[in-house]
Amino acid sequence: MNYNACFHLLLGLFIPCSVVCLAKTAKNLNSDQFALLEFKDRIVGPQNVLANNWTASTYVCNWIGVSCGILHKRVIALNLTSMNLRGTIPPHLGNLSFLLSLDLSSNHFYGHLPKELGQLHRLRILRLSYNRLNGEIPSWLENLQRVRRQKMKNNNFTGTILETLVNMSNLEILNLGFNQLSIQVPSSIFKISSLKIINLSSNKLSGSLPNDLCQHLPKLERLYLSWNELSGNIPSSQIPEEIGNLLGLELLNIQAIKGLTGQIPTSIFNISSLKTIDLSNNSLSGSLPNDMCQHLPKLERLYLNKNELSGNIPSTMGKCNNLQNLSLSLNQFTRIIPRSIELYFI
């Protein structure tokens, strides 16, 4: 076979393949378009922004809030945050099989989350905060094992936090604050070693914190547990090995925990990365270590007010060179205020 014949044979094979591939891509993109049009038909918004922009006569990848991949031209991101949209989230979004990011935060979506969202196996980011979603935290979340950021704060979710969340082995941010979650905090959450931020504040969580709270959280940077109904002591068996190993922790917020007693673990004051410590509005007792600022070079905010702390206010507290906010009121400290921190009380 000569060169020209070979070339035309290959060209003849390539063209049908290209046509088939393009047809398949168009079909898949049409399925994405159909899913989004079904979504649009179930919501309302001001000035009908989506109604006027999301039309079958325009290219779906040019729609407001829609992003497509370069290679496959499939919808990979849907960002409709702060658009004042109202309605329920339809099951059709589960057909966006290439979706990597779903952001519907700061709108007025209500109702339960459809189980079809559990089909989004490629999803990395899930943001649904500041809506009116309700029902229990769905069990299908464990199917989204690639999700790194899960933010669903300021909704009306009820019930418990599922033990199955431990299967989300890539999760870095878990934000379920300001909901109506109840029962005990599942110990499984504190076994997701990839977590950097945990926010469970302002719920109705009860029970005590597990003794091995920090044993499996080497990357934890921020922990929010305030305004719940937790009880018992701050776990002491984790000290100093576990809490001392949280070398990246920047913010520790365990304020207003109903029934939280015991002494403040001294190893908390050895975490040099801490910028904020808020243990206010509890029933913590004991005294503060005199060298508490020696290992806190980055500390900016320290809130220990409304506890049962006693003894002297450490005279070396002035060594917290970056301290901007300090609150020690409503405790049982001696009335002598060290000169090094007098300015905070003026």
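Here are four short exercises, each with a worked solution, on a predicted model.

**Exercise 1. Strand pairing around E3**

Work out which strands pair with E3, and in which sense each pair runs.

*Solution.* Start with strand E2, residues 66-68, and strand E3, residues 75-79: three bridges join them, and they run antiparallel. To anchor this pairing in the model, find Cys68, whose bridge partner in E3 is Val75. Next, follow the turn of the hairpin, where six residues lie between the two strands. Among them, Lys73 takes a positive phi near 55°. Now turn to strand E5, residues 101-103, which pairs with E3 in the parallel sense, again over three bridges. Here a useful anchor is Asn79, with Asp103 as its bridge partner in E5.

**Exercise 2. The setting of Ser105**

Decide whether Ser105 is buried or exposed, then describe what surrounds it.

*Solution.* First place the residue: Ser105 belongs to the loop between E5 and strand E6 (108-111). Then compare its relative accessible area, 9%, with the cut-off for buried, which is under 20%. Ser105 is therefore buried. For its polar partner, look at Asp103: the side chains of Ser105 and Asp103 share a polar contact of 2.6 Å. Asp103 is also the residue that bridges to Asn79. Finally, leave out residues up to four places away in sequence, and Ser105 still touches Leu80, Thr81, Ser82, Arg127, Leu128, Ser129 and Asn131.

**Exercise 3. Aromatic pairs**

Find how many aromatic pairs the whole structure holds, and classify the pairs formed by Trp54 with Phe39 and with Trp63.

*Solution.* A search of the whole structure gives three aromatic pairs. Take Phe39 and Trp54: their ring centres are 6.1 Å apart and their planes meet at 40°, so this pair is tilted. In sequence the two are 15 residues apart, with Phe39 in helix H1 (residues 3-40) and Trp54 in the loop between helix H2 (49-53) and E2, so the pair links distant parts of the chain. Both Phe39 and Trp54 are buried. Now take Trp54 and Trp63: with centres 5.2 Å apart and planes at 20°, this pair falls under the 30 degrees limit and is therefore stacked. Trp63 is buried, as is Trp54. To finish, put the residues together: Phe39, Trp54, Trp63 and Phe109 form one aromatic cluster.

**Exercise 4. A charge over a ring**

Identify the residue whose charged end sits over the ring of Phe98.

*Solution.* Look above the ring of Phe98 and you will meet the charged end of Arg122, 4.1 Å from the ring centre.

Methods. Residues are numbered from 1 along each chain as its sequence is written. This is a predicted model: local features need pLDDT of at least 70, side-chain atom pairs count only at pLDDT 80 or more; totals for chains, interfaces and linings use all residues. Side-chain values use heavy atoms; hydrogens and water are left out. Two strands pair if DSSP finds at least two bridges between them. Helices (H or I, at least four residues) and strands (E, at least two) are DSSP runs, numbered from the N terminus. Buried means under 20% relative accessible area, exposed over 50%, partly exposed in between (1.4 Å probe, protein chains only). A polar contact is a pair of N or O atoms within 3.5 Å; within protein, one must be able to donate a hydrogen and the other to accept it, and residues adjacent in sequence count only if both atoms are side-chain atoms. Contact means heavy atoms within 4.5 Å. Rings of Phe, Tyr and Trp (its six-membered ring) pair if their centres lie within 6.5 Å; planes under 30 degrees apart count as stacked, over 60 as edge-to-face and the rest as tilted. A charge sits over a ring if NZ of Lys or CZ of Arg is within 6 Å of the ring centre and within 35 degrees of the ring normal.
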